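Me: I am new to this structure and would like a close look at one part. Please keep it brisk, and connect that part to what surrounds it.

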Amino acid sequence: MIDYALNFGFICVSLALLMNLWRLTIGPTTADRILAVDTMTINAIALLVMYGIAKGTSMYFEGALLLAMFGFVSTVAYCKFILRGDIIE
Amino acid sequence: MPFIVELIISLLIVIGGLFLLIGSFGMLKLRELLPRLHAPTKATTVGVGGVLIASMLFFWVERGHFTIHELLITLFLFLTAPITANLIAKAYMLLNVDPHTDLPPSEQNEGWATFDPVGPEGYDPSEEYEEKES
């Protein structure tokens, strides 16, 4: 039963990633694109964790944790760049 | 693996996947950025949270020992989501909102922080608005 649930979850997250990609493409403002990339990171974390369950290994957990950290840092860096024209002042 | 545990894990994965889909659909459907910011928070909390709790339960039953390191990701996302949303809203306002027409006066000695990080000496935005109205 977990296999069916995982397949359903993979389909949901893949559709969600496609929607985020669409929002990233059409914009219309820069902030929309930043938000799209941030949401893509969150979806990718969920995808990695589900893949870890499907494969039965907890190796992908470290990847998900790294993705969570770097997604946050990159979003903040991009926003700071737009706000102040510089990242570390 | 007992049936009831399998049922709970499957339900958590299905709920998490649905919420991730709904969050991204909301981001595509809503009209402007500020309402749009509201949608992906569902994906962050319930979506990723459900999938991570499912993973925690799965490895607990499969390996036999209980670890909470999946909760680290949830904790980290809970801590960082408000900061991210605040910074995205500030970036949007800086680029797309005119502080003189779209925002009320700040009623302080300096303007709104996003537009005026360091207020000049003796700057009074309320005078500006009074001039505009008269």
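Of the 134 residues of chain B, what percentage count as buried? Please start there, then follow chain B to its contact with chain A.

Reply: The model is a predicted one. In chain B, 30% of the 134 residues count as buried.

Start with the make-up of chain B. Its secondary structure comes to 5 helices and 0 strands. From the N terminus on, the order is α-α-α-α-α. Contacts with a separation of 6 or more can also be sorted by distance along the sequence. In chain B, 47% of them join residues 24 or more positions apart.

Confidence comes next. Chain B has a mean pLDDT of 81, and 86% of its residues reach 70 or more. Among its elements, helix 1 of chain B has the highest mean, at 91. Helix 5 of chain B, residues 125-133, has the lowest, at 56. For the complex, the predictor gives an ipTM of 0.87 and a pTM of 0.82.

Now look at helix 3 of chain B. This helix has 24 residues. From first C-alpha to last it reaches 33 Å, close to the 34 Å expected at 1.5 Å a residue. Just after the helix comes B:Gly64, with a positive phi of about 90°. Within helix 3 of chain B sits B:Thr41. Is B:Thr41 buried or partly exposed? B:Thr41 counts as partly exposed, because 18 C-beta neighbours lie inside 10 Å, and a buried residue needs 20 or more. Along the chain, B:Thr41 and B:Ile83 are 42 residues apart, and their C-alpha atoms are separated by 12 Å.

Next, the contact with chain A. Chain B gives 48 residues to this contact, and chain A gives 43. On the chain B side, four elements supply two or more residues each: helix 1 (3-29), helix 2 (33-36), helix 3 (40-63) and helix 4 (70-96) of chain B. By class, that side has 31 nonpolar, 12 polar and 5 charged residues.

So to the partner, chain A. Chain A has 3 helices and 0 strands, in the order α-α-α. Its average pLDDT is 89, and 100% of its residues score at least 70. Helix 1 of chain A has the highest mean confidence in that chain, at 92, and helix 3 of chain A the lowest, at 89. Of the 89 residues of chain A, 38% count as buried. The radius of gyration of chain A is 16 Å, whereas a compact globule of 89 residues would be near 12 Å. Along the principal axes, its C-alpha atoms fill a box of roughly 50 × 30 × 10 Å.

Two helices of chain A are worth following towards chain B. Helix 1 of chain A has 25 residues, which should span 36 Å at 1.5 Å a residue; its end C-alpha atoms are 36 Å apart, so the two agree. Its buried residues include A:Ala5, A:Leu6, A:Val13, A:Asn20 and A:Arg23. The buried residues of this helix pack against helix 2 of chain A together with helix 1 of chain B. After helix 1 of chain A comes A:Gly27, with a positive phi near 75°.

Helix 3 of chain A also has 25 residues and reaches 36 Å from first C-alpha to last. Among its buried residues are A:Phe61, A:Gly71, A:Tyr78 and A:Cys79. The buried residues of helix 3 of chain A pack against helix 2 (30-55) of chain A together with helix 4 of chain B. Just after this helix, A:Gly85 takes a positive phi of about 75°.

Finally, the nonpolar cores. The largest has 33 residues, and A:Ile45, A:Ala46 and A:Val49 have the most contacts inside it. Helix 1, helix 2 and helix 3 of chain A, together with helix 1, helix 3 and helix 4 of chain B, each supply at least two of its residues. Take A:Ala46 as an example. Leaving aside neighbours within four places in sequence, A:Ala46 touches A:Val13, and its contacts in chain B are B:Gly16, B:Leu20, B:Gly47, B:Val48 and B:Val51. Apart from this core lies another, of 15 residues, among them A:Ile34, A:Cys79, B:Ala91 and B:Met93.

Definitions and conventions: Residues are numbered from 1 along each chain as its sequence is written. Chains are lettered from A and ligands numbered from 1 in the order in which they are written. This is a predicted model: local features need pLDDT of at least 70, side-chain atom pairs count only at pLDDT 80 or more; totals for chains, interfaces and linings use all residues. pLDDT is the predictor's confidence in each residue, from 0 to 100. Two residues are in contact if their C-beta atoms, placed from the backbone, lie within 7 Å. Ala, Val, Leu, Ile, Met, Phe, Trp, Tyr, Cys and Pro count as nonpolar, Asp, Glu, Lys and Arg as charged, and the others, Gly among them, as polar. The expected span of a helix is 1.5 Å times one less than its number of residues. A residue is buried if 20 or more other C-beta atoms lie within 10 Å of its own, exposed if 12 or fewer, and partly exposed in between; C-beta atoms are placed from the backbone. A nonpolar core is a set of buried Ala, Val, Leu, Ile, Met, Phe, Trp, Tyr and Cys residues joined through C-beta atoms within 7 Å. The radius of gyration is taken over C-alpha atoms; the globule rule is 2.2 Å times the number of residues to the power 0.38.
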